[in-house]
Amino acid sequence: MKTKYSPLSLVAGLAGLAGGLLLSGCSANFGGSASAPDQVSMQQISGVVHGGQQGLDNAQVYLYAVGTGGYGTASTLLAGPATTDAHGDFSFNGGFSCTAGQQVYLYSVGGDPEVGPGGTSSGNNSGAGLLAVVGHCTGGTGITNSQGTATGFVFMDEVSTIAAAYSLSAYATDATHIASSGTALATTNLSNAIDTAFNLVSQSAGTALAAPLNGNGTVPSTEINALADILAVCVNSTSGSSGCSTLFSDTPNGSGTAPTDTATAAINIAHNPTANVTALLGTVNSAGPFQPAISSATSFTLAVNYTGGGLLNPIQLAVDASGNIWVANNASGSTGRLSEFNHLGVPANSTGYTGGGLDVSQSVVIALSGNVWVGNSNVGETVNNLSEFTSAGTAISGTNGFTGGGLANPVGLAIDANGNIWAADNGAPSGTTIVSEFNSSGVAVSPAAGYPSGGVTTPVSVAVDTSGNVWVAGGESGGTTISKLNGSTGAVLSGTGYTGGLSAPWGLAIDSSGNAWVANNTGNSLNEFNSSGVLVNTSTGGGLSSPRSVAIDGAGKVWINDISANVLSEFNSAETAQSPPGGFTGGAMNGPSSIAVDGSGNVWTANFATASSSLTEFIGAATPVVTPLVANLTTGTKTPSQKP
């Protein structure tokens, strides 16, 4: 029933729908059987289209659902065009149809900004393109936003366009090609991405929010306003103006093709946040329509900060299949707790979860079942255990947690395809250098003395490759070695260890080709080793200063957090820095101790500094990856990093 249209066919084939008349000819039941529940929503949507602070007359507004034919393929047209009046008002008067589970957005193109003296007509500006997220189609109750409130009115302007472009960046090619793969996991992640836009912009006012909807943090409103001002230079002009031509020439896509409207330009900026930053900011004067706004930047990333949820020295984080963020806090004794935030940064509770042996947590990982495992080692290492919690936050590991198998200061955790938990044992206070293994029931598999770590003197991180081998890195005491163990037997496969360019190797991750990426905490560098342990390359730049943890997204891009310089670095799979020389900044990062990419393409860091104890989310910066990470080894292509 839903036809996919090209942008050219929209105007020609749907001219008779001007005014927003109801699409006809659709059955009221998409379930395929007479007894199936009604899956179609019939609802009216109205709104206003503004360029800057004034209405756009005669703009054409289309209602789309995000497609499911593959990332960046065609969106599905639901209704339109509805034509705006002299004030920019529009309405789909006859309602429209959408299927439960569809994610819906608006796209406005063209219109007269009336920028002449006294507001006289300046003619249609075909380069004016605006976006706004509408929400989730829920079947019998219509469309709702992230708070579950029915959507009836939508304010479209440059701010709503930036919010939509960044939140949906991972799915978008241009304004009419926004789509996911359509898998169950991708559908969840797409819904989460739609929600994210509501954390950035007021749907009813088209203004940037100062704080996320839950109020527990800050939104980069001055950066959003600056980006909106850049778009407004074109929107509030005439077709073919220098404002539009400059914007389009400075915002090509990855293939070098310039956009033809501001909505696609916004998407391209989200995809290429370091391109022509100074030039784009130079097109805006201090009297831009959206204020206050930044006047200088090294990149156009948008980072939101979140607090609460019992965070206290958060040291590691992990993402589950629903997009929830689980955080191990490095707090001791009675203050030991595990924090959980949903995909919008809303804490599951105010104090975090306790029990199960939590005490100075060091690491966290999510099992395929959704259960959460935490490695603990308190001051003096009198406690060395693993805690396990259900996805509801209930401790199931007992008062003292799981012990044995040589467990000694488990600083790093990973789970293999069999569900076994591997711990990188930092070894204090005994000085042993071992790796421990537990089965999914918390029973030690490794011997009482643990497995030898293969020449790694102080293990701090562990990762599992496609073949089930376990890689170990050690980043303290001047370590210069990584190793590889047989995941079935624990036998060392790397002899005395792999070396080359390593200097206190700390962060470790495996890519889809089986290569190991290592962040050198004192070497200010990133190393890539092939599956045989041969050094492929050493990379610097991109803001690397004291890199700590490594995450790889669904496109093979490598993300690293810097715990001292408070920046993120990004490298592509060819080891070329994608972040600026000073790295990506923002989001109140303060001692970012770990990093993770979620299934919607957002990058998360845990800020360890006591004064902060917060999370930072870089919106739409990465390519989505399957979560939890162990699911990459058991589904799809069964590689360590793949798209949902």
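Hi everyone, let's start with one residue, Asn330. If we leave aside its neighbours within four places in sequence, Asn330 touches Leu312, Asn313, Ile315, Val360, Ser361, Gln362 and Phe608. Please keep in mind that this is a predicted model.

So where does Asn330 sit? You'll find Asn330 in a loop, the one between β17 (325–329) and β18 (338–341). One of its contacts deserves a second look: the Asn330 side chain reaches the backbone oxygen of Ser361 at 2.8 Å.

Now for the largest pocket. It holds about 1000 Å³ of space, and 48 residues line it. Which of them lie nearest its centre? Those are Gln316, Leu413, Val462, Leu508 and Val550. The elements giving two or more residues to this lining are β16 (314–319), β19 (361–366), β22 (410–415), β26 (459–464), β29 (505–510), β33 (547–552) and β36 (592–597). Sorted by class, the lining has 32 nonpolar, 14 polar and two charged residues.

You just heard the name β36, and it comes back in my last topic, an open sheet. Here five strands run in the order β14-β15-β38-β37-β36, with antiparallel pairing. As a reminder for the newcomers, strands of a sheet pair through backbone hydrogen bonds, either parallel or antiparallel. Which strands are at the edges? They are β14 (217–218) and β36, and each of these pairs on one side only.

Let's zoom in on the β14 end. β14 pairs with β15 (residues 303–306) in the antiparallel sense, over two bridges. In one of the links to β15, Gly217 has Tyr306 as its bridge partner.

Thanks for listening!

Terms used
Residues numbered from 1 in each chain as written. Predicted model: local features only at pLDDT ≥ 70, side-chain atom pairs only at ≥ 80, totals over all residues. Heavy atoms only, no water. Helix = DSSP H or I, 4+ residues; strand = E, 2+ residues; numbered from the N terminus. Polar contact = N/O pair within 3.5 Å; in protein donor to acceptor, adjacent residues only side chain to side chain. Contact = heavy atoms within 4.5 Å. 1 Å grid on protein atoms, 1.4 Å probe; cavity = no way out; pocket = protein on both sides within 12 Å on 5 of 7 lines; lining within 4 Å. Points joined across faces, edges and corners; volume = space filled by probe spheres on them. Nonpolar A, V, L, I, M, F, W, Y, C, P; charged D, E, K, R; others polar. Pairing = 2+ DSSP bridges.
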